[in-house]
Amino acid sequence: MRTKQLTSSFGISALAGLAMGAMAAMSAPAMAQDTIKVGILHSLSGTMAISETTLKDVMLMLIDEQNKKGGLLGKKLEPVVVDPASNWPLFAEKARELISKDKVSAVFGCWTSVSRKSVLPVFEELNNILFYPVQYEGEESSRNVFYTGAAPNQQAIPAVDYLMEKEQVQRWVLAGTDYVYPRTTNKILEAYLKSKGVKPEDIMINYTPFGHSDWQSIVADIKKFGSGGKKTAVVSTINGDANVPFYKELGNQGVKAEDIPVVAFSVGEEELAGIDTKPLLGHLAAWNYFQSVETPANSDFIKAWKAYTKNDKRVTNDPMEAHYIGFNMWVKAVESAGTTEPDKVIDAMIGVSVPNLTGGYSAMLPNHHITKPVLIGEVQENGQFDVVSKTSGLVPGDEWSDYLPDSKDLIADWRKPMSCGNFNVKTGKCGGKGS
């Protein structure tokens with residue numbers, strides 16, 4: 001990316017030996033080029049396995065389907081699966097291994113923002129491509145990352161708006177796992193709520209570690225906070241397997257949706273499959289896709305998923321759709337560029353539009369985020385969601401929050417000649433914050 005002719009007085013046998021040696025040396029690279037390798041970087045063990053294993057599986061399905069169509073650029077796609085085991089530094093090591101050793105053309109992976117932050121310098125240093133499929137806190141735009149999950153304006157802000165308008169919520173519990181995504185998202189939400197006239201004493205913020213299991217006192221605090229005569233809601237950025245005991249404790253303490261509704265940003269069909277949903281009826285989740293959406297594309301996707309997994313009980317969810325969109329965008333960009341060379345694919349990605357599963361087409365924007373519908377769903381007894389609210393159109397992902405003073409004047413545009421992830425529209429300069 002970014003031969004010397006040999007002349008000597010060797011004998012025929014020496015030349016033959018040299019030729020055979022050269023052919024042997026060339027055989028390994030030649031064989032390696034027979035396929036296009038695709039990295040899959042998802043936790044298959046540890047606290048995040050409950051959410052990420054399914055994303056590994058859907059990537060294998062998408063690659064298998066593409067190979068049945070003839071592959072890409074006349075070559076078969078070869079998945080390379082690694083397990084960073086919910087260990088954030090290990091994500092960076094595994095990413096480096098995928099790029100440097102396995103020579104993957106692109107990587108689909110990560111769930112938590114701390115894992116994405118861990119691998120980001122590796123992708124920028126080695127100039128490879130990461131497709132990140134999960135809702136996140138924004139405040140970032142990298143040339144080497146395509147964010148196919150929701151930015152805050154595509155999930156968190158609309159969820160709060162729904163609770164304000166439809167549920168008349170006045171008091172807010174911002175409950176999250178203690179890492180960058182919940183903390184930054186809640187910082188944005190706190191600023192947004194205050195801009196809407198919510199008083200500081202009507203906002204309660206709580207953080208717990210990954211894998212937290214003892215929710216008795218926290219749920220009791222939430223009940224007490226909600227007993228002050230004002231309609232109260234919980235906005236949950238709790239991640240991973242901690243959601244299971246959290247929702248169980250809500251049920252144990254009789255926290256019902258009509259009293260204190262919970263809207264979750266990291267609980268989908270996969271997480272609900274592990275718990276009794278009866279006490280959770282009416283609680284909410286905000287995503288850009290639900291399995292219950294009735295469209296021909298979604299029906300085909302669900303059918304293909306169940307057939308591939310040979311399990312009628314396997315569910316689909318929002319990050320799976322994000323991988324579906326991202327993978328199809330990558331295929332289209334590679335075909336357009338005529339190569340898997342990262343620089344050319346990155347340039348070809350902007351403007352690519354592919355069908356999503358909820359109806360319509362999602363497009364890749366110059367800030368490396370996509371357009372998505374926003375859906376609010378109520379938990380049903382069967383572990384699915386009844387969609388109670390959906391935007392009339394697709395919402396463009398906003399990488400820099402309008403509600404944080406250090407970010408409100410920043411935009412990202414990776415088209416040439418600007419090619420900048422943090423251009424300040426007031427100063428006219430690039431740089432100073434983010435990637």
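Reader: Is Lys68 buried or exposed?

Author: Keep in mind that this is a predicted model, so we're reading a computed picture. To count as exposed, a residue needs over 50% relative accessible area. Lys68 comes out at 69%, so the label for Lys68 is exposed.

Reader: Which residue does Lys68 meet in a salt bridge?

Author: Look along helix 2, where Lys68 has a partner four residues away, about one turn of the helix. That partner is partly exposed, with a relative accessible area of 28%. The N to O distance is 3.3 Å, and the partner of Lys68 is Asp64.

Reader: Which residue forms a salt bridge with Asp57?

Author: Here's the idea behind it: side chains of opposite charge can pair when their charged atoms come close. For Asp57, the closest N and O atoms of the pair are 2.9 Å apart, and the partner is Arg314. The pair links distant parts of the chain, with Asp57 in helix 2 and its partner in the loop between helix 10 (296-309) and helix 11 (318-337), 257 residues apart. So who pairs with Asp57? Arg314.

Reader: Is Asp57 buried or exposed?

Author: The cut-off for buried is under 20% relative accessible area. Asp57 has 13%, so Asp57 is buried.

Reader: What about Lys56, where is that residue found, and which residues does Lys56 touch?

Author: Lys56 sits in helix 2, which covers residues 49-68. With a relative accessible area of 17%, Lys56 is buried. Leaving out residues up to four places away in sequence, Lys56 touches Ile40, His42, Leu44 and Val81.

Reader: How many Å apart in space are Lys56 and Phe225?

Author: Along the sequence, 169 residues separate Lys56 and Phe225. In space, going C-alpha to C-alpha, the distance between them is 40 Å.

Reader: Which helices does the salt bridge between Arg96 and Glu125 tie together?

Author: The closest N and O atoms of Arg96 and Glu125 are 2.8 Å apart. Arg96 is partly exposed at 34%, while Glu125 counts as exposed at 52%. These two are 29 residues apart in sequence, and since each lies in its own helix, the pair ties together helix 3 (residues 88-101) and helix 4 (residues 113-126).

Reader: How many salt bridges does the structure hold?

Author: We've met several already, and some salt bridges join up into a network. One such network links Arg116, Lys117, Glu137 and Glu140. Across the structure, the count of salt bridges is 15.

Reader: Which cysteines form a disulfide?

Author: A disulfide is a covalent bond between the sulfur atoms of two cysteines. Searching the whole structure turns up one disulfide. Its sulfur atoms are 1.9 Å apart, and the cysteines are Cys420 and Cys430.

Reader: Where do Cys420 and Cys430 lie, and what is the torsion about their S-S bond?

Author: Cys420 is in strand 18 and Cys430 in strand 19, 10 residues apart. Cys420 is also buried, with just 1% relative accessible area. The disulfide is right-handed because the torsion about the S-S bond of Cys420 and Cys430 is about 100°.

Reader: Which peptide bond is cis, with omega near 5°?

Author: Most residues other than glycine have a negative phi, and most peptide bonds are trans. The cis bond to look for leads into Pro417, which has its place in the loop between strand 17 (410-413) and strand 18. The bond runs from Lys416 to Pro417.

Reader: What is the phi of Ser419, and what is the phi of Ala85?

Author: Ser419 is in the loop between strand 17 and strand 18, whereas Ala85 is in the loop between strand 2 (76-82) and helix 3. Ser419 is partly exposed at 29%, and Ala85 counts as partly exposed at 29%. Neither residue is a glycine, yet phi is positive in both: about 45° for Ser419 and about 55° for Ala85.

Reader: Which residues make the nonpolar surface patch of about 230 Å²?

Author: One member, Val425, lies in the loop between strand 18 (420-424) and strand 19 (429-430). Patch residues need over 30% relative accessible area, and Val425 has 48%, which counts as partly exposed. The patch is made by Ile411, Met418 and Val425.

Technical notes:
Residues numbered from 1 in each chain as written. Predicted model: local features only at pLDDT ≥ 70, side-chain atom pairs only at ≥ 80, totals over all residues. Heavy atoms only, no water. Patch = residues over 30% accessible without salt bridge, like charges linked within 9 Å, V, L, I, M, F, W, Y side chains within 5 Å. Areas by Shrake-Rupley, 256 points an atom, 1.4 Å probe, with all protein chains shown as cover. Salt bridge = Lys/Arg side-chain N within 4 Å of Asp/Glu carboxyl O. Buried < 20%, exposed > 50% of the residue type's maximum accessible area, 1.4 Å probe, protein only. Contact = heavy atoms within 4.5 Å. Disulfide = S-S within 2.5 Å.
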